[in-house]
Each structure stands twice: as C-alpha cells, then as structure tokens.
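Student: Please pick one part of this structure and go over it closely. Start from a single residue and work outward, in plain terms.

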Amino acid sequence: TARFATPGVKVGLFCSTPGVALGRSVPKKIAMKMLLTGEPISAEEAYLHGLVSEVVPEADLEKETLALARTISESSKAVLSFGKTIFNQQTKLDWNEAYDVAGKAMVENLRFIDGQEGIEAFVEKRKPKWKQTI
C-alpha cells in the first residue's frame, strides 16, 4: 500500500530539492511526471523504476527490515563505511574516473585489518572476526 510522491506542485511549491535525488534514482521521464503532476506512484512502480530496492507485504515489513539490518550488521563497520564513501564518490564521476577511484579503493581496502581478516576467514572457511578498524 506504500505510495511515493512529490506533491509540492499541488500546493504551489515545486519539489526542487526532492527532485535532485529523484532525478538520479529514476528515469528522467518518470521523475518529471512525478514532479509536474504531484501524483503518487505505487510501490510496484517505484520498484520497477529503481526508486526502491525491494517491495514486501506490509505485514512482513518489520521482519524483512530487521533481516536486512542483521545481514548488513554482520559485515565490518569500517569496511561498510569506507565502501559507502567510495560508492557515493564514484557515482558523481564519469565512467573512467569512477573506475580509477574504485580501483584505488580496492587496493586500499586490501590493506585494512578487516580486509585481511575477511580474506583469511574465506581461505580458512570460517566466519570473520571483525576488528572494526581500518
């Protein structure tokens, strides 16, 4: 039953700042339709256009959200933080620059204590014991 909208135009306020993220998350035509009409789209439409990564029944929302959080929390916090920073950095660059930044980041990540622990754990077929540090 979730719906997504940028309804500002209906009250005389164009959703300029939400349009920044929206225009980078969905095709331009979908973003413009949402911004110009203020009409909501369904969760299924949002999923189809890449605005959300998953749609679950409302009754399962808390269970699914906690499962996702649990999965993420099993990884090194230092590596997650580093990865989020690099991901956000590279999305602002052109293709070649993005690969350059990402390639250097991979080498840097290999030097992390948690990067080394993860590789060792994989080779030894065991769960990693994160130190939560670079």
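**From one loop residue outward**

Tutor: Val52 lies in the loop between α3 (43-48) and α4 (61-73). The model is a predicted one, and the positions discussed here should be read with that in mind. Leaving out residues up to four places away in sequence, Val52 touches Phe4, Ala43, Ala46 and Tyr47. Val52 can also be placed relative to Ser25: the two are 27 residues apart along the chain, and their C-alpha atoms are separated by 8.9 Å.

Take Ala46 next. With neighbours within four places in sequence set aside, Ala46 is in contact with Phe4, Ile41, Leu51 and Val52. Phe4 is thus named among the contacts of Val52 and among those of Ala46. Phe4 comes up again with Ser42, a residue of strand β2 (residues 41-42). Not counting residues up to four places away in sequence, Ser42 touches Ala2, Arg3 and Phe4. Is Ser42 buried or exposed? Its relative accessible area is 15%, and buried means under 20%, so Ser42 counts as buried.

Ala46 also leads to the core. How many residues does the largest nonpolar core have? It has eight: Cys15, Leu22, Val26, Ala31, Met34, Leu35, Ile41 and Ala46. Ile41, one of the contacts of Ala46, is itself a member of this core. The element that gives the most to this core is helix α2 (residues 28-37), with three residues. There is a general background to such a grouping. In soluble globular proteins, nonpolar side chains tend to be buried together.

Now look at how α2 sits against α1. The axes of these two helices, α1 and α2, come within 8 Å and cross at roughly 155°. An angle over 145 degrees counts as roughly antiparallel, and α1 and α2 are therefore roughly antiparallel to each other. The crossing of α1 past α2 is right-handed. On the α1 side the contact is made by Gly19, Leu22 and Gly23, and on the α2 side by Ala31, Met34 and Leu35. By class, these contact residues comprise four nonpolar and two polar, with no charged residue. Leu22, Ala31, Met34 and Leu35 take part in this contact, and they are also listed in the largest nonpolar core.

Leu35 gives a link to another loop. Val9 has its place in the loop between β1 (3-4) and α1 (16-25). Setting aside residues up to four places away in sequence, Val9 touches Leu35, Leu36, Thr37 and Gly38. Val9 and Leu36 are 27 residues apart along the chain, with 6.7 Å separating their C-alpha atoms. The relative accessibility of Val9 is 32%, so it counts as partly exposed.

For comparison, take a second pair of helices. Helix α5 (residues 77-90) and helix α6 (residues 95-110) have axes that come within 9 Å and cross at roughly 165°. Therefore α5 and α6 are roughly antiparallel to each other. Their crossing is right-handed. From α5 the contact takes Val79, Phe82, Ile86, Gln89 and Gln90; from α6 it takes Ala98, Val101, Ala102, Ala105, Glu108 and Asn109. These residues divide into seven nonpolar, three polar and one charged.

Where is Phe112? It is in the loop between α6 and α7. Phe112 has a relative accessibility of 2%, so it counts as buried. Not counting neighbours within four places in sequence, Phe112 is in contact with Ala78, Val79, Phe82 and Ile134. Val79 and Phe82 also belong to the contact of α5 with α6. From Phe112 to Lys131 the sequence separation is 19 residues, and the C-alpha to C-alpha distance is 10.0 Å.

Two residues remain, and both concern backbone angles. Lys125 lies in the segment after α7 (113-123). Phi of Lys125 is near 55°, which is a positive value in a residue other than glycine. Lys125 has a relative accessible area of 78% and is exposed. Gln132 also lies in the segment after α7. Phi of Gln132 is near 60°, again a positive value in a residue other than glycine. Gln132, at 36% relative accessibility, counts as partly exposed.

Conventions. Residues numbered from 1 in each chain as written. Predicted model: local features only at pLDDT ≥ 70, side-chain atom pairs only at ≥ 80, totals over all residues. Heavy atoms only, no water. Helix = DSSP H or I, 4+ residues; strand = E, 2+ residues; numbered from the N terminus. Buried < 20%, exposed > 50% of the residue type's maximum accessible area, 1.4 Å probe, protein only. Contact = heavy atoms within 4.5 Å. Axes fitted to C-alpha atoms, helices over the stretch in contact; angles between N-to-C directions. Parallel < 35°, antiparallel > 145°, perpendicular 65-115°, else oblique. Left-handed = near helix turned anticlockwise from the far one by under 90°. Nonpolar A, V, L, I, M, F, W, Y, C, P; charged D, E, K, R; others polar. Core = buried A, V, L, I, M, F, W, Y, C linked by side-chain atoms within 4.5 Å.
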